[in-house]
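Student: Could you take me through a close look at a single part of this model, the lining of its main pocket, and then relate what you find to the charged side chains elsewhere in the chain?

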Amino acid sequence: MGAEMPSFDIVSKVDVSELKNAVSNSMKEIGQRYDFKGSISDVQLETDFIMVLTEDDLKAKQVYEILIANIVRRKIDPKVLREISRESASGNTIRIRFEIVQGIQQEEAKIINTEIKKSKLKVKSQIQGDEIRVSGQKRDDLQRVIQTIKALHLQTPTQFINFRD
């Protein structure tokens with residue numbers, strides 16, 4: 001095998017320890033806020049989702065805003081959370097589940113691949129599970145691919161890792 005070409009991977013990963021910090025900081029903030037005195041508001045991190053439990057839609061919106069602010073403070077893209085269910089729970093409360101989005105789904109991987117091809121840059125991209133490997137002769141082309149992907153405004157937050165020269 002010859003010399004490796006410069007390459008990098010496009011991934012969608014969440015730093016779970018940072019997410020844990022964001023959730024616990026949100027709970028601390030809720031506990032300290034005057035407008036939440038006597039409120040039943042709770043945010044819990046489960047394996048692949050975050051559960052919010054609170055009294056009503058107004059509180060739910062406030063809890064969500066606190067959570068997102070803490071997530072952003074931890075340098076996590078807020079797009080990692082996607083609401084998957086909202087239901088009435090016991091004692092006049094609302095339970096909301098937010099999926100934690102990890103990995104690039106097939107539909108978005110195809111969109112990324114198509115855009116890379118359309119860019120006419122001399123690079124190769126291949127889908128590997130829920131990641132995409134991009135390789136090419138020139139570093140500049142790889143940098144342009146990153147700019148192209150950033151400009152797409154995908155549903156899934158993406159990171160660019162494993163740069164190899």
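Tutor: By class, the lining of the largest pocket is made up of eight charged, five nonpolar and four polar residues. The model is a predicted one, and in it this pocket holds about 270 Å³ of space. Of the 17 residues that line the pocket, those nearest its centre are Asp77, Thr156, Pro157, Thr158 and Gln159.

Gln159 leads on to another site, since Gln159 is among the residues touched by Asp9 once neighbours up to four places away in sequence are set aside. Asp9 sits in strand β1, and its relative accessibility is 2%, which is why Asp9 counts as buried, the limit being under 20%. The other contacts of Asp9 on that same count are Glu131, Ile132, Arg133, Phe160, Ile161, Asn162 and Arg164. With Asn162 there is also a polar contact, in which the two side chains are joined at 2.8 Å.

Glu131, one of the residues that Asp9 touches, takes part in a salt bridge as well, its side chain meeting that of Lys13 at 2.6 Å, N to O. This pair connects distant parts of the chain, because Lys13 lies in the loop between β1 (7-11) and α1 (16-32) while Glu131 belongs to strand β7 (residues 131-136), 118 residues apart. Lys13 has a relative accessibility of 44% and therefore counts as partly exposed, a class that runs between 20% and 50%.

As for the charged side chains in general, those of opposite charge can pair when their charged atoms come close. A search of the whole structure finds 12 salt bridges, and two further examples can be set beside the one just described. In one of them, the side chains of Glu83 and Arg86 meet at 3.0 Å, N to O, with Glu83 partly exposed at 40% relative accessibility and Arg86 partly exposed at 43%. Salt bridges with shared partners also join Glu29, Arg33 and Asp35 into one network. Within that network, the closest N and O atoms of Arg33 and Glu29 are 4.0 Å apart, and both residues are partly exposed, Arg33 with a relative accessible area of 27% and Glu29 with a relative accessibility of 24%.

Key
Residues are numbered from 1 along each chain as its sequence is written. This is a predicted model: local features need pLDDT of at least 70, side-chain atom pairs count only at pLDDT 80 or more; totals for chains, interfaces and linings use all residues. Side-chain values use heavy atoms; hydrogens and water are left out. Helices (H or I, at least four residues) and strands (E, at least two) are DSSP runs, numbered from the N terminus. Buried means under 20% relative accessible area, exposed over 50%, partly exposed in between (1.4 Å probe, protein chains only). A polar contact is a pair of N or O atoms within 3.5 Å; within protein, one must be able to donate a hydrogen and the other to accept it, and residues adjacent in sequence count only if both atoms are side-chain atoms. Contact means heavy atoms within 4.5 Å. On a 1 Å grid over the protein atoms alone, a cavity is a set of points where a 1.4 Å probe fits but cannot get out, and a pocket is an open set with protein on both sides within 12 Å along at least five of seven lines; lining residues have an atom within 4 Å of a point. Grid points are joined across faces, edges and corners, and a volume is the space filled by probe spheres set on the points. Ala, Val, Leu, Ile, Met, Phe, Trp, Tyr, Cys and Pro count as nonpolar, Asp, Glu, Lys and Arg as charged, and the others, Gly among them, as polar.
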